[in-house]
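Here is a quick tour of the strands and the ligand site, written for someone who likes the cut-offs spelled out. Have the viewer open as you read.

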Amino acid sequence: MPLPKAELHLHIEGTLEPELAFTLAHRNGITLPYTTVADLRAAYDFTDLQSFLDLYYALTDVLRTEADFTDLTRAYLTRAAAQGVRHAEIFFDPQAHTARGITMDTVVNGITAALDTSETDHGISTHLILCFLRDRPAAEAMDTLDAARPHLDRIIGVGLDSAEVGHPPTKFTDVFAAAREAGLRLVAHAGEEGPADYIRQALDLGVERIDHGIRCLDDPDLLAHLAATRTPLTVCPLSNVRLRAVDTLADHPLPALMDAGLLVTVNSDDPAYFGGYVDDNYRALAEHLHLDRERLRTLARNSFEASFLPRDRKDALIALVDAH
Ligand code: HPA
Ligand SMILES: [Zn+2]
């Protein structure tokens, strides 16, 4: 059995497997520009974040109805259970859908219908995090937050994703202040392709976790600050290699981040696109970086520690790792 763990960096749209993409395209009368699953998988040859995002956004077009979002989320939860996931904090990108005329209600109702049965079906507790697309205007992010207000009982926090370079966190200072005012938790992607300074800016927005964050190694003072404050990083090793933020798994900076005293977690990001779900990431690290069992258990404990669960739930889940 895989180690019990939390997944804290997972884009639900990034769990769309080619088979389900074809099923939903057929159901919705959409013709994809690919004829077979193999043909589509062959397009998963990315050179950077943008080349991935182009395909990721193109394929979201098959998601049209509540049932589509429910099927997508159910498929993820089924796979996550087999990977030892006991708690998942799931990102979604409403602007990728509302920009196509799909309503916020359709997206949130569809996803939460699957989350509602996750504890019973899979023993996985869940939280939902709304991400703003940083390459779109800040005013649109504010409109997105307003459109989500009727659903805030189902959304624990907000994040920031999409094309990083040229779209610094400071662009979203007002939106993040409004989200905090609404009682939401804050996270942001920073330091994936962008510079260490974007991590500093994300901290200035008030975020509690940094998604990716690997570029903090370029700034020793920032590294020391992240260690001292126990600010979690949600690191995604297979993603970093596929999007060429890191050359090979053997070169991945995860051990250096752990050795610097950071609260590092391992996550899958967009598993349908990057060649593995969360335990596949743990196993790839074990193999290529020779992480021993105790280091893997530390990563699993960190995943619960870095979650937005209440203290007693964290402790109960950490005890499962200890007993594993
Ligand atoms: O890894 C990512 N980085 C930025 N934006 C994203 N949107 C989906 N996945 C990602
Ligand atoms: Zn991500």
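His87 sits opposite Ser125 of strand S3. Strand S2 (residues 85–92) and S3 are parallel partners, joined by six bridges; for strands to count as paired, DSSP has to find at least two bridges between them. Strands themselves are DSSP runs (E, at least two residues), helices are runs of H or I with at least four, and both are numbered from the N terminus.

A word on ground rules: this is a predicted model, where local features need pLDDT of at least 70, side-chain atom pairs count only at pLDDT 80 or more, and totals for chains, interfaces and linings use all residues. Residues are numbered from 1 along each chain as its sequence is written, while chains are lettered from A and ligands numbered from 1 in the order in which they are written.

Back to S3 (residues 125–133): it is largely enclosed by the rest of the structure because seven of its nine residues are buried. Buried here means 20 or more other C-beta atoms within 10 Å of a residue's own, with exposed at 12 or fewer, partly exposed in between, and C-beta atoms placed from the backbone. S3 also runs parallel to strand S4 (residues 157–161), with five bridges joining them, and Leu130 has Val158 as its bridge partner in S4. Together with helix H8 (residues 138–148), S3 and S4 form a right-handed β-α-β unit. Right-handed means that, with the strands pointing away from the viewer, the path from the first strand over the helix to the second runs clockwise.

Further along the chain, the parallel strands S5 (residues 185–190) and S6 (residues 209–212) share four bridges. The link from S5 to S6 passes through helix H10 (residues 196–204), and this β-α-β crossover is right-handed. Ala190 is bridged to His212 in S6. S6 then has two bridges to strand S7 (residues 233–235), again parallel, and Asp211 faces Thr234 in S7. Another right-handed β-α-β unit is made of S6, helix H11 (residues 220–228) and S7.

Now for ligand 1. Which residues surround it? The list is His11, Gly14, Leu49, Tyr56, Asp161, Ser162, His189, Glu192, Ser239, Asp269 and Asp270, where near means a C-beta atom, placed from the backbone, within 6 Å.

UniProt (unreviewed entry) lists His9, His11, His189 and Asp269 under "binding site". They are spread over 261 residues of sequence yet cluster in space, with a largest C-alpha distance of 11.8 Å. Asp270 is also covered by a UniProt "binding site" annotation (unreviewed entry). Such annotations may be inferred rather than shown by experiment; the positions follow the numbering used here, and feature names are shortened.

Here is how three of these residues are packed.

| Residue | C-beta neighbours within 10 Å | Class |
|---|---|---|
| His11 | 24 C-beta atoms | buried |
| Asp269 | 30 C-beta atoms | buried |
| Asp270 | 23 C-beta atoms | buried |

His11 is part of strand S1 (residues 5–11). Asp269 belongs to the loop between strand S8 (264–266) and helix H14 (271–274), and Asp270 is in the loop between S8 and H14 too.

Contacts come next (C-beta atoms, placed from the backbone, within 7 Å). Not counting residues up to four places away in sequence, His11 touches Phe91, Asp93, Asp269 and Asp270. With that exclusion, Asp269 has contacts including His9, His11, Cys236 and Phe274, and Asp270 touches His11, Gly14, Tyr56 and Ser239.

Key: Two residues are in contact if their C-beta atoms, placed from the backbone, lie within 7 Å.
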